Amino acid sequence: VQLQASGGGLVQAGDSLRLSCAVSTSTIYTMAWFRQAPGKEHKFVGGISRADNTVYTDSVKGRFTISRDNAKNAMYLQMNSLKPEDSAVYFCAARTGTMNYDYSRYDFWGQGTQVTVSS
């Protein structure tokens, strides 16, 4: 299974970005977004279960929304009201089990996409 994240860029605080994650299979997985700032570990941003239930880390609740389009084999991360502290490399990931907040528990990973938010 291959995942391909895209949509990152350089924006100003308060702007919006939409990240996409293309999946090479139509199999429905539990999927998540993680982010990694320089010198830091991968942090869970949010995820979507196979039943399309979503969960988010507290710092992005109300600003970020995860969705998926099964017809397009894709998952999305809509990021609104971006803050400089949201700057990181964002990764999408998939696993066959239930939602997990631990990066190492995911079976498949895409390459990251850089999000930089200037103040």
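## Around His 42

Let's start with one residue and work outwards. Setting aside residues up to four places away in sequence, His 42 touches Phe 34, Arg 35, Gln 36, Phe 91 and Tyr 103. One of these neighbours, Gln 36, also takes part in a polar contact, side chain to side chain, with His 42 at 3.4 Å.

Where does His 42 sit along the chain? Its place is the loop between β4, which covers 30–36, and β5, which covers 43–48. Please keep in mind that this is a predicted model.

## The chain as a whole

Stepping back, the secondary structure consists of 11 strands and zero helices. Reading along the sequence therefore gives β-β-β-β-β-β-β-β-β-β-β. For the overall size, a compact globule of 119 residues would have a radius of gyration near 14 Å, and the chain agrees with this at 13 Å. Along the principal axes, the C-alpha atoms fill a box of roughly 40 × 30 × 25 Å.

How much of the chain is buried? Of the 119 residues, 41% are buried. As for contacts between residues at least 6 apart in sequence, 55% of them join residues at least 24 apart.

## The largest pocket

The loop that holds His 42 lies between β4 and β5, and these two strands come up again here. The largest pocket offers about 180 Å³ of space, and β4 and β5 are the elements that give two or more residues to its lining.

Its lining is made up of Arg 35, Gln 36, Ala 37, Lys 40, Glu 41, Lys 43, Phe 44, Thr 57, Ser 59, Glu 85, Ser 87 and Ala 88. By class, five of these residues are charged, four are polar and three are nonpolar. Arg 35 and Gln 36 belong to this lining, and both are also touched by His 42.

## A closed cavity

How many cavities of 30 Å³ or more are there? The count comes to one. The volume of the largest cavity is about 80 Å³.

Around this cavity are Val 23, Thr 25, Ser 26, Thr 27, Ile 28, Tyr 29, Met 31, Arg 68, Asn 70, Asn 73, Ala 74 and Met 75. Six of the lining residues are nonpolar, five are polar and one is charged.

## Ala 5 in strand β1

Ala 5 belongs to strand β1, residues 3–6. Is Ala 5 buried or exposed? Ala 5 counts as buried because its relative accessibility is 4%, and the cut-off for buried is under 20%.

Leaving out neighbours within four places in sequence, Ala 5 is in contact with Ser 20, Cys 21, Trp 33, Tyr 90, Cys 92, Gln 111 and Thr 113. Ala 5 and Leu 19 are 14 residues apart in sequence, with their C-alpha atoms 7.0 Å apart in space.

## Two positive phi angles

Two residues in loops deserve a look at their backbone angles. Asp 52, in the loop between β5 and β6 (54–56), has a phi near 70°, which is positive although the residue is not glycine. With a relative accessibility of 40%, Asp 52 counts as partly exposed.

Ser 81 is also not a glycine, and its phi is positive at about 50°. This serine is found in the loop between β8 (74–79) and β9 (88–95). Its relative accessible area of 41% makes Ser 81 partly exposed.

How values were computed
Residues are numbered from 1 along each chain as its sequence is written. Side-chain values use heavy atoms; hydrogens and water are left out. On a 1 Å grid over the protein atoms alone, a cavity is a set of points where a 1.4 Å probe fits but cannot get out, and a pocket is an open set with protein on both sides within 12 Å along at least five of seven lines; lining residues have an atom within 4 Å of a point. Grid points are joined across faces, edges and corners, and a volume is the space filled by probe spheres set on the points. Ala, Val, Leu, Ile, Met, Phe, Trp, Tyr, Cys and Pro count as nonpolar, Asp, Glu, Lys and Arg as charged, and the others, Gly among them, as polar. Helices (H or I, at least four residues) and strands (E, at least two) are DSSP runs, numbered from the N terminus. A polar contact is a pair of N or O atoms within 3.5 Å; within protein, one must be able to donate a hydrogen and the other to accept it, and residues adjacent in sequence count only if both atoms are side-chain atoms. Contact means heavy atoms within 4.5 Å. The radius of gyration is taken over C-alpha atoms; the globule rule is 2.2 Å times the number of residues to the power 0.38. Buried means under 20% relative accessible area, exposed over 50%, partly exposed in between (1.4 Å probe, protein chains only).
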